[in-house]
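Biologist: Please take a close look at a single part of this model and describe how it packs against its surroundings. I should like the cut-off behind each term as it arises.

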Amino acid sequence: MSEELEQILLQLTQPDNAAIQQATAQLKQACKDPAVIPALCAVISSSQNPLIRQTATVTLRLKVKKHWKKINPNDRERFHTVQHALSQLCAVMVKHETPDRWPALLQLLNQATKSTNPHDRQVGLLLLNKVIESNPESFQPHYFQLLQLLSTVLHDHNNPIALYYCILTLTEITAFIGTEEMKQMRSIIPDLIVALKHLIKANEQQATEAMEVFIELMEIEVSVIVPHVAGIVHFCLEVASDTTLSDSLRVKALSCITFLIKLRSKSVLKLKLLTPILKALFPILTAAPPLGEHDPEDEEDGDSDDNATDNANPKHCAAQVIDTMALHMPPEKLFHHLTPLTQACLSSEDPYQKKGGLMCLAVLAEGCADHIRTNMLSSVLQTVCRSLSDSSQVVRSAALFALGQFSEHLQPEVSKYCSELMPLLLGYLSSLNEAKVGHVTRAFYALENFMENLGADIEPYLPTLMETMLSALGNTNKLKIKELAVSAIGAIANAAKESLVPYFPPIIESLKGFLIATTEEMRSLQTQSLDTLSVLARTIGKDVFSPLAAECIQLGMNLTDNIDDPDLRRCTYSLYSSVATICPESLTPHLTAITTVMLLALKSTEGITAHLEEDKNFVLLDDNDDDDTDKGAEHLLEDEPETDILESAGFSVENAYMDEKEDACDALGEIAFSTGVAFQPFLESSFQQVYEMRDFPHEDVRRAALGAMGQFYCFKKNNFFLFFFFLRHVVMGVLESMNSVVKSCKEEVFKNPSYLREICSVIREVLTKKTPCQAISSVHCLKCCVFQAEFDAMLQEFAGEGIPLLASSVPADQFAPFLNDLLPLIMSKTKSSCTVADRSFSIGTIGEILQALVNAPGGRGLAGRLSNRLLPVLVAGVKDSDAEVRNNSVFGLGCLAEASSRDYPTMLSVFSNLLAKESDQRVIDNLCAALCRMIMSNIDAVPLKQVVPALVKHLPLKEDMEENKTVFKCLVMLYKHSPDMVQCKLLTPKTQSMLVALIRQFAQNHSADFQAAVGSLPAEQQAKLCAAVSAS
């Protein structure tokens, strides 16, 4: 049969479609004969044609993969004689036959890898790599000898192919080495670096793949590389800095450094590697592109996709390294080394030097937000604003990106510069040439990020903003600019809310034209229009938007029925959930159709691609043409699932489909919460499908699933407890959902007593940094002083927010043991040696706990028992150099006074001293509120003749308007208790005339409300008020 089979395979290699089709049919028929397996082995071993041997090998591998259990044992044995041509086949077989049961394989590997013939060594190492990649655990008993062999191969510098497969094999076994092999692996690292240098000279593509070994070691066995951190860093910097090498290789080297900083930032600092890393990064970051070319993000046609180029662009990766430093290193240490380099760039005349400096400032904004806000916000904003008038568009574009990053990450302080930045941005936008779409995009990015957080401060700029946006929608022919304008309107709506009502009709008129478009070129604009429509539904006001609610739901359903696009479907889900928040009854008739589409999106595998090692267009053994006609007992007894595709190389999921799943989870949770009982028939199916998403590979989908489950719980109030997953974003999402559940359901949550203990245990795990996601950055610094990256602090703040919620939801006696356990963890962060962020967070949390205890059953007694421990901490906080820490300390003292009614003399002395020298208005406002809390809690313990004049002197409140409620409540109480004192201090002739003018103005502008209020007063007071208002 082998000769006949060889002829068929030869026909397959001919450039003749008819011949190939005929041979394919013949081969399918031949493969039904059990004798095909030994015949294929014979062809592989004896054919002189390499193409025939290769085709026979692939055919045999596919046949074995599908039918191993049906193969005759004698035929199995024949495979063991096949050598280098069967490496892939051996990889499949080793899943079924362990090395110990296949001694011939070990003998073959030993002979080939130690052969004096370089080609034999290459083949032996290829085979070794494939079988270990297939089943690494089965080789664990041989790892010691294997590492000895690989260590020897690393010195075979003249055989780059052998080096390549050697390093790939090291990568595969890394996850499985034990303590005995650890020392051996550690000793290999220097030789590994030298081997990679030789491989780079021979084959850069293979070297790029081989460098993955460093990331694997860092991720799985970081202790192996600890003694060699400096060597690895210097090697990676050498590769990254060599402009003669390929971009992909340089990017891989920078990725290794990024990964190292994530895991071993303290080692990088301790070994004084920060300076050499930065000195190597800046020439990459500031490099000019080849003459006549531009960086991708500076292309004027706007067609470049920044995200698509990031992974292959050393300049972007250099910025990412600095971004990672900002997230994982103490800002003070980072800026000490970084500032001179950045300043040198910004003062240069070279536009790409300036661009590099601005890009550096931009990527620092997220990780070092607190440091920049506190120490240098004004100066960096001045730098960026100056750069917006630079003669080079490259510099201006980088400045716009930096401003957008500042607007996103440095809130709320950056919004205080509204009066300077908004006119600058509006003027800049009006001067742009719309043909330069890429640059216009950056300008919109900066403007949108800045104005989205302005709130009421945006109102003076609304006429100009809306004139600009509506003009862009009506006059430009460029769809991209229309899309940018539609997105900007959404940002404006988030800030302006009801103030946007006068512009609502023309906005809706423009959006309608985009929403009913049917052409593919309009799809992106259509999708953005749906997003903006969702924002308007949430912000413009129920009375204004409700008339459109039913039309919006029908629009979304029509779009999903007629257009198969995951981005568009995702936006309709958001539209449904937005409408549900203001007009849930409009969704009720359509819940069946809407939930069906979203649940199908969660179940769908569309957009998921399996990555295989070979081209799977090889269809000679198509599933539909099996010889498995016997579906009886043998078929039923096969207990191994067909998992080869899953194991071969993994999956990728297109971003659009991941985003659709994320938004479907978010929307289902919000719709369930908003529509209430109408959602009951869909709750079980929705919960089950969302629950399946809890283990989805992408963290944003997991976060959304957990958030939706929290909303399902709030809706149904059934037993449910959320735990945490590995990554910080997901843990934050879980904690946020858990806090939301407790806040909404309060004591309902704790009908099961174990939940209080479990929730407190989760909070404790986060505060002590023992969750898996925190262990990544803390396990290696036990011998070092702990420097907390600002990103990690956010996680602890989410946990801290849960403690006051528990205090307000559980009787104090029940909560006291848990609070006594958690309180020391909070108090440990109040020390002067801690960061400003830690001190502010911890003292603020203490204040919120005390505030929650005021109204909790038995809470005042618990606060009194805690007073001796908390008072010194809060008093020390009042003396802090940071205004926010002082503010939180004053708030905490006021809450302590309200909850315990103790230690008044001490508190009054502290407040008196502070009031004499405090300049921060928010602190003064909170001090006034604290005095009011003291008065309301125990008026007899307060010397009113001294305190009330001091209080009134600093009224009205200037910044913290939320405390007006506390102040007015106190003044009402004082008036009832001592009316003469209040009238004397508050109602001077000047203030009396101001109050009369205010009331008169109110009566004119809101006459109906005024008359209703007057009618509720006693007759005598009605007469006095009307006389005062009518007097001229």
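Modeller: In this predicted model, helix H16 and helix H19 (residues 314-328) pack at an angle of about 0°, with their axes 9 Å apart. Helices are DSSP runs of H or I with at least four residues, numbered from the N terminus; axes are lines fitted to C-alpha atoms over the stretch in contact, with angles from 0 to 180 degrees between N-to-C directions. H16 and H19 are therefore roughly parallel to each other (under 35 degrees; over 145 is roughly antiparallel, 65 to 115 roughly perpendicular and the rest oblique). On the H16 side, the contact (heavy atoms within 4.5 Å) is made by Asp247, Arg250, Val251, Leu254, Ile257, Thr258, Ile261, Lys262, Ser265 and Lys266. H19 contributes Pro314, Cys317, Ala318, Val321, Thr324, Met325 and His328.

The model is predicted, so local features need pLDDT of at least 70 and side-chain atom pairs count only at pLDDT 80 or more, while totals for chains, interfaces and linings use all residues. Residues are numbered from 1 along each chain as its sequence is written, and side-chain values use heavy atoms, with hydrogens and water left out.

A further partner of H16 (residues 247-270) is helix H17 (residues 274-285). Here the packing angle is about 150° and the axes are 12 Å apart, which makes H16 roughly antiparallel to H17. H16 passes H17 in a left-handed crossing (the near helix is turned anticlockwise from the far one by less than a right angle; clockwise is right-handed). In this pair, H16 makes the contact through Arg250, Leu254, Ile257, Val268 and Leu269. From H17, the residues involved are Leu274, Ile277, Leu281 and Ile284. Arg250, Leu254 and Ile257 of H16 thus appear in the contact with H17 as well as in the contact with H19.

H16 also has a place in the surroundings of helix H13 (residues 212-220). The buried residues of H13 are Val213, Phe214, Ile215, Glu216, Leu217 and Met218 (buried means under 20% relative accessible area, exposed over 50%, partly exposed in between, with a 1.4 Å probe and protein chains only). What covers these buried residues includes H16. The cover also includes helix H10 (160-173), helix H11 (179-202), helix H12 (204-210), helix H14 (222-225) and helix H15 (229-241).

In short, H16 is roughly parallel to H19, roughly antiparallel to H17, and among the elements covering the buried residues of H13.

Technical notes:
Helices (H or I, at least four residues) and strands (E, at least two) are DSSP runs, numbered from the N terminus.
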